[in-house]
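Here are some notes from one colleague to another, to read with the model open beside you. I have kept them as numbered points so you can take them one at a time.

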Amino acid sequence: MPGLPRLLAGMALAAAVVLPVVLVSPASAAPLPCRPGSGPKLAGRDLTRAALPADLSCADLRGATLDGLYVRVPLAGADLRGASLKGTHLGNAQMAGVRLGKADLSEAELYYADLRGADLRGATMDDSSPYGAHLEGADLSGATLTRAKAYSAQFDDAKLVGTDLTDADVYGADLRRADLTRVKAPKARLYGATLIKAVLRRADLRDAQLYGSVMDGADFRDADLGGADLRDVRGARLTGSTGVPKDLPAPGAACEPGEGQHYAGWDLTTVTDFPDDLSCADLTGAKLDGLNLSSVKLNRAILRDVSAAGTTFRSLKGADLTGAHLRRAVLGSADLTGANLTRADLSETEISSANLTGATLTGADLRGAQMTSVTADQADFTAARMDRAQLGSGRLRDAVFRKATLTDAGMQSAELRGATFQDAEVTGLEVDYAEDADLSGSTSRLGAGWFVFFGIVGLVVFWIVLGLVVRGTRRRKAARKQAEERTVQFADARSVQEENVTRLGEEIDGAADRTGDIDWNAALDAYDAAKEALATAHDMDDLKDVETIVARGRKALTHRR
């Protein structure tokens, strides 16, 4: 039949018009009735005053303006990229698979809208209201939803990478398996939300309200939870997260050290509001100096090499404080049961009434520590430095003090039944009224007080001997000086007497009358005696004798018979 080909062609065209093209949008989206962009061509049009077609499914509305309109027509599969929908009413709208990349939906009404599989990348949705909306499988990467009302919305399998949810209401929303990597949600209200297996890596959740949420399998690595409220959340594993939450769920009784928050190396001295429970947290090398953590549980927490000078603690049961710097810390009435304080610096620390049962303090520095009334049964103080430490009235049953230094320490009225002091230094240790004190195997030497006493005595003796030596030296110097002076005087006096003897001889030789009444024999005898006395003279008295003999000789020269 010649008209048959034409008839068949017409039937095929009719079938093409009648039968819809079925396309499937992204995951969870309903099948689209047509190819996106194949509907009415309204790109760039201002439709705020125009009558809208009865069906805008798959319409090309790129860059179109629909601000403030009440849209009740289907928009499934429509292309609205870059369109302006500010304040547009789209409640209950059929928008599955719609393309809204970089569209402006600020203040838009989107409650209970069907946006499954929608492309909202880079869209502006500030102050919008997508509460109860279906956004399963939608891509909101880079979109902004600040102050948006998205509570009870469905975000299953949605992509919100880098999305801005600052101060948004997302409480009660379903975000299971959603990708929230780098999401910005400070102060967002996400309480009661479902975050099962959600990815929150590097998310900003500062001061967010997350209490009562379900978080089984959620990934919080490198997420900032500073100031966040995580009370009563279920299934939370915050390993690798940062920031200090305001409130945390109570960790399980069997949590392992390091499974909690990670603050290794952090300076937390400026934090003013800590959560009540940081059990099993990793605070290795953290700086906590001067903080009051008396209301914070740190049971089984890792606090190795932490700096906590002057810090107040209360709950450290089973905590690892190896090498911790706790000088002058306040641990009074603290629970340190089973804690590891190996090589910790606890000098001058207040530990009175604390519980150290089973604690390990091997090599710890406890010099000057106040430990009165402590309970330290089975505690290990091996090689600990405990000079001047006060453990009076404590219960130290079966405690180990091997090789410990307890110089001038005090254990008055302590219970020491079974305590071991093998090779311990116990010089000056006070154990008055202590119960079952057995210091056998320990060593003792003279106390420091005796060393001071003998030192003072030695110093006094030294000064006395030194004084005597100085005085003797001075006397010897004075004697030498006097001897030198006498020698000079003697030499001068001897010269004078030599001249006297010489003159006597000259006077005898020059006498005119040698036959008269002069007693020559007496004069000559005196001269000879004077010379002999001068030759043997050794001191001033001998010279005086010479002078006397010379005077006698002169008298003989003038004496007449």
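1. Let's begin with Val470, which sits in helix α2, the helix spanning residues 448-509. This is a predicted model, so please read each point below with that in mind. Val470 has a relative accessibility of 32%, and because buried means under 20% and exposed means over 50%, Val470 counts as partly exposed.

2. Which residues join Val470 in a nonpolar surface patch? The patch is made by Leu459, Phe462, Trp463 and Leu466 along with Val470, and its area is about 490 Å². You may like to display these side chains together on the surface.

3. Now for the charged pairs. Over the whole structure, the search finds 23 salt bridges. One of the pairs is Asp60 with Arg62, where the closest N and O atoms are 2.9 Å apart. How do the two partners sit with respect to the surface? Asp60 has 9% relative accessibility and so counts as buried, whereas Arg62, at 40%, counts as partly exposed.

4. Another pair to look at is Arg206 with Asp204, a salt bridge whose closest N and O atoms lie 2.8 Å apart. Asp204 is at 17% relative accessibility, so this residue counts as buried. Arg206 has a relative accessible area of 38% and is therefore partly exposed.

5. Please look at Asp365 and Arg367 too. These two form a salt bridge, with 2.8 Å between the closest N and O atoms. Asp365 is buried because its relative accessible area is 11%, while Arg367, with 27%, is partly exposed.

6. Which residues are linked in a network of salt bridges? Here the members are Asp79, Arg81 and Arg99. I would suggest viewing the three side chains together.

7. Turning to enclosed space, how many cavities of 30 Å³ or more does a search of the whole structure find? The answer is three, and the largest cavity has a volume of about 60 Å³. Its lining consists of Leu165, Leu180, Val183, Ala185, Leu190, Leu195, Leu200, Leu205, Leu210 and Phe220. Sorted by class, the lining of this largest cavity has ten nonpolar residues, with no polar and no charged ones.

8. The largest pocket deserves its own point. About 390 Å³ of space lies in this pocket. There are 21 lining residues, and those nearest the centre of the pocket are Ala236, Arg237, Pro249, Pro251 and Gly252. What is the class make-up of the lining of the largest pocket? That lining has eleven nonpolar, six polar and four charged residues.

9. Finally, a look at a loop. Asn355 is found between β4 (312-315) and α2. With a relative accessible area of 27%, Asn355 is partly exposed, because that value falls between the cut-offs of 20% for buried and 50% for exposed. Leu316 is 39 residues away from Asn355 along the chain, and the C-alpha atoms of the two are separated by 9.9 Å.

Methods
Residues numbered from 1 in each chain as written. Predicted model: local features only at pLDDT ≥ 70, side-chain atom pairs only at ≥ 80, totals over all residues. Heavy atoms only, no water. 1 Å grid on protein atoms, 1.4 Å probe; cavity = no way out; pocket = protein on both sides within 12 Å on 5 of 7 lines; lining within 4 Å. Points joined across faces, edges and corners; volume = space filled by probe spheres on them. Nonpolar A, V, L, I, M, F, W, Y, C, P; charged D, E, K, R; others polar. Patch = residues over 30% accessible without salt bridge, like charges linked within 9 Å, V, L, I, M, F, W, Y side chains within 5 Å. Areas by Shrake-Rupley, 256 points an atom, 1.4 Å probe, with all protein chains shown as cover. Salt bridge = Lys/Arg side-chain N within 4 Å of Asp/Glu carboxyl O. Helix = DSSP H or I, 4+ residues; strand = E, 2+ residues; numbered from the N terminus. Buried < 20%, exposed > 50% of the residue type's maximum accessible area, 1.4 Å probe, protein only.
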